[in-house]
Amino acid sequence: MRTDLGWRRFYAAGWLATAGVATVTFVLWRAHVREVEQRAEEAERTRDEVARRRAVEERLRIARELHDSLTHSISVINVQVGVAAHLARKQGEEPAAALLAIQEASTDAARELRSTLGTLRRDDDDGGAGLDRLPALVDRARSSGLPITVTVEGTPRPLPPDVEQTAYRVVQEALTNVGRHAGGATARVWLRYGAGLLKVQVDDDGSAPRQEPVPGHGLTGMRERVAALGGNLRAGPGPTVGFSVVAELPTGAAGGAPAKGRP
């Protein structure tokens with residue numbers, strides 16, 4: 001009996017020792033896991049901070065490049081056109097409509113470039129062009145000799161700034177392409193306000209080739225802008241003639257108060 005009792009006590013002590021070692025091992029393992037997780041989180045935070053810092057540095061570099069290259073050129077164009085218009089008025093002549101259109105376009109381009117540079121130098125993006133500037137864009141295109149009709153369907157309402165800016169840029173790029181590649185054509189602009197969706201369409205009746213276009217910087221930029229909002233953009237030959245650009249932009253809201261100053 002004494003021998004059996006001794007063995008039982010020995011086994012009990014062994015189990016207690018094993019349990020103690022297992023407990024200590026588990027505690028040490030948990031401490032090691034927590035330390036590894038903390039190191040991983042710290043490394044991730046450091047990596048994110050480095051990425052953000054590099055992104056800021058790249059944005060500042062782009063801003064400097066744009067300022068040094070484009071701002072000076074646009075300013076020179078604006079000054080020269082202004083001088084030409086002044087000399088025409090001084091001689092008792094009315095400046096040509098194309099000259100005034102160039103002056104207005106260069107002034108608008110300089111303003112937009114300053115807004116873009118300001119956006120690049122800060123984290124938020126509350127600037128830029130919206131649909132409230134669409135009438136001025138259309139008037140400027142008309143003054144350059146491009147006939148345009150604008151049709152608004154649905155009830156205009158305030159939209160998120162990024163949606164309005166993208167819609168404006170799509171129309172701007174599409175009209176620029178019409179004037180550049182479809183001389184003598186007529187452009188038609190549609191804005192369709194739907195439930196949670198804004199559809200922007202720009203058509204022309206020019207003699208565009210009946211084949212898919214080779215994507216350039218303008219078309220690629222439009223696709224990237226629309227895709228960033230989760231929308232869809234189609235650009236190609238029209239059903240019968242000309243060229244058509246259609247952008248569907250999610251607005252994130254099915255209703256809203258009527259917007260002011262819309263075309």
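I begin with a polar contact: the side chain of Arg169 reaches the side chain of Gln172 at 2.9 Å. Please bear in mind that this is a predicted model. Arg169 belongs to helix H4, which spans residues 161–181. Is Arg169 buried or exposed? Its relative accessible area is 12%, and because the limit for burial is under 20%, Arg169 is classed as buried.

Helix H4 leads us to the nonpolar interior. The largest nonpolar core has 32 residues, and those touching the most other members are Leu175, Val200 and Leu233. At least two residues of this core come from each of the following: helix H3 (134–143), H4, strand E2 (187–194), strand E3 (197–204), helix H5 (217–228), strand E4 (232–237) and strand E5 (243–250). Which of these elements gives the most? That is H4, with 8 residues.

Let us look at Leu175 itself. Leaving aside residues up to four places away in sequence, Leu175 touches Leu137, Leu146, Ile148, Ala187, Val189 and Val202. There is also a second, separate core of 5 residues, among them Ile74, Ala110, Leu113 and Leu117. As general background, nonpolar side chains in soluble globular proteins tend to be buried together.

I turn finally to aromatic rings. Across the whole structure, the search returns 1 aromatic pair. The ring centres of Phe26 and Trp29 are 6.0 Å apart and their planes lie at 35°, so the pair is tilted. Both residues sit in helix H1 (residues 2–90); because they are 3 residues apart, about one helical turn separates them. Trp29 has a relative accessible area of 48% and is therefore partly exposed.

Terms used. Residues are numbered from 1 along each chain as its sequence is written. This is a predicted model: local features need pLDDT of at least 70, side-chain atom pairs count only at pLDDT 80 or more; totals for chains, interfaces and linings use all residues. Side-chain values use heavy atoms; hydrogens and water are left out. Helices (H or I, at least four residues) and strands (E, at least two) are DSSP runs, numbered from the N terminus. Buried means under 20% relative accessible area, exposed over 50%, partly exposed in between (1.4 Å probe, protein chains only). A polar contact is a pair of N or O atoms within 3.5 Å; within protein, one must be able to donate a hydrogen and the other to accept it, and residues adjacent in sequence count only if both atoms are side-chain atoms. A nonpolar core is a set of buried Ala, Val, Leu, Ile, Met, Phe, Trp, Tyr and Cys residues joined through side-chain atoms within 4.5 Å. Contact means heavy atoms within 4.5 Å. Rings of Phe, Tyr and Trp (its six-membered ring) pair if their centres lie within 6.5 Å; planes under 30 degrees apart count as stacked, over 60 as edge-to-face and the rest as tilted.
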